[in-house]
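Student: Could you take me through one part of this protein in detail? I would like to see how its helices pack.

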Amino acid sequence: MAALSSSDLLAAWDAGRARRPLDRALWLLWATGTDAAQDLPLADRDRRLLRLREALFGRQIALLATCPGCAAQVEISVDTQDLQRHLGDCGEVMVETPDGPVTLRAMTSADLAQISSVPEDEREAAACDRLTPALPAAARTAIYNAIEAQLAEAELTVRLVCTDCGTSWRETLDIADCLWVEVDTAARRLMADVADLAGAFGWSEAQSLAVPAARRAVYLAHARGI
Ligand SMILES: [Zn+2]
């Protein structure tokens, strides 16, 4: 997947910053030219986000977590390609129910948005109705268990070990949140660069962003008197 240009990154940041975390991930994928990102199975969406993360910031993601045993700060680095291998399958599955086998399709961001919009005690029924319409009530438990298993398979987790006390535990890695934080930092850094170039040379945002990154860094060093 190609990295976003500086101006595309700023445009995606501008469009996504006031939206919910779920929608921000979709804005990043739309900015790369991914059509109908809201209809991608969650594992497929996250695989694409991991590839975008690689293109923008490289393969290694540094994670910081607090040890549940002794509260020490534990830092590890995870590889985006290892994470992609751990993402589950995105295909349909057959679920055995008291009413016979039922086909369950993979959940998408559009499904999640719709399901999270209903009260919490109605979400189980909403998830079943959305993914398997016209489902007999007796089959719901089996289907909902299969949906939960599917969501667990689409979740990225990382195993950590504390070198101070030996505690081992797993943390969930939400690549959509993680990537957005990095895009937000990169966008703010770009805007600071644009402001300094405007102050030094009178360039517009478009003019500054059109200069290739390596040359822009040299102009910035001059603008900042480094
Ligand atoms: Zn510890």
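Tutor: Happy to; we will start with the whole chain, go on to helix 8 and its partners, and end with the second domain.

This is a predicted model, in which local features need pLDDT of at least 70 and side-chain atom pairs count only at pLDDT 80 or more, while totals for chains, interfaces and linings use all residues. Residues are numbered from 1 along each chain as its sequence is written.

The protein chain has 10 helices and 6 strands; these are DSSP runs numbered from the N terminus, with helices being H or I of at least four residues and strands E of at least two. Its C-alpha atoms fill a box of roughly 75 × 45 × 30 Å along the principal axes. The radius of gyration of the chain is 22 Å, whereas a compact globule of 226 residues would have one near 17 Å (taken over C-alpha atoms, with the globule rule being 2.2 Å times the number of residues to the power 0.38).

Now to the packing. Two packed helices are described by the angle between their axes and the distance between the axes. The axes are lines fitted to C-alpha atoms, for helices over the stretch in contact, and the angles run from 0 to 180 degrees between N-to-C directions.

Helix 8 (residues 175-201) packs against helix 1 (residues 6-16) at an angle of about 115 degrees, with 10 Å between the axes. On the helix 1 side, Ser6, Leu9, Leu10, Ala12 and Trp13 meet Val183, Asp184, Ala186, Ala187 and Leu190 of helix 8 (a contact means C-beta atoms, placed from the backbone, within 7 Å). These residues divide into 8 nonpolar, 1 polar and 1 charged, where Ala, Val, Leu, Ile, Met, Phe, Trp, Tyr, Cys and Pro count as nonpolar, Asp, Glu, Lys and Arg as charged, and the others, Gly among them, as polar.

Helix 2 also packs on helix 8, at about 70 degrees and with the axes 9 Å apart. Helix 2 is therefore roughly perpendicular to helix 8, a label for angles of 65 to 115 degrees. Here Pro21, Arg24, Ala25 and Leu28 of helix 2 meet Ala176, Asp177, Leu179, Trp180 and Val183 of helix 8. By class, this contact has 7 nonpolar, no polar and 2 charged residues. Val183 thus appears in the contact with helix 1 and in the one with helix 2.

Next, the domains. The assignment, which is automatic or from a database, gives domain 1 (6-85 + 161-189) and domain 2 (93-153). Their C-alpha centres lie 26 Å apart, and the contact takes 8 residues from domain 1 and 7 residues from domain 2. Helix 2 (21-31) and helix 3 (42-57) each supply at least two residues of the side of domain 1 that touches domain 2.

Finally, helix 6 (residues 123-131) and helix 7 (residues 140-153) cross at roughly 90 degrees, their axes coming within 10 Å. Glu124, Ala127, Cys128 and Leu131 of helix 6 meet Arg140, Ile143, Tyr144 and Ile147 of helix 7.

Note on methods. Contact = placed C-beta atoms within 7 Å. Parallel < 35°, antiparallel > 145°, perpendicular 65-115°, else oblique.
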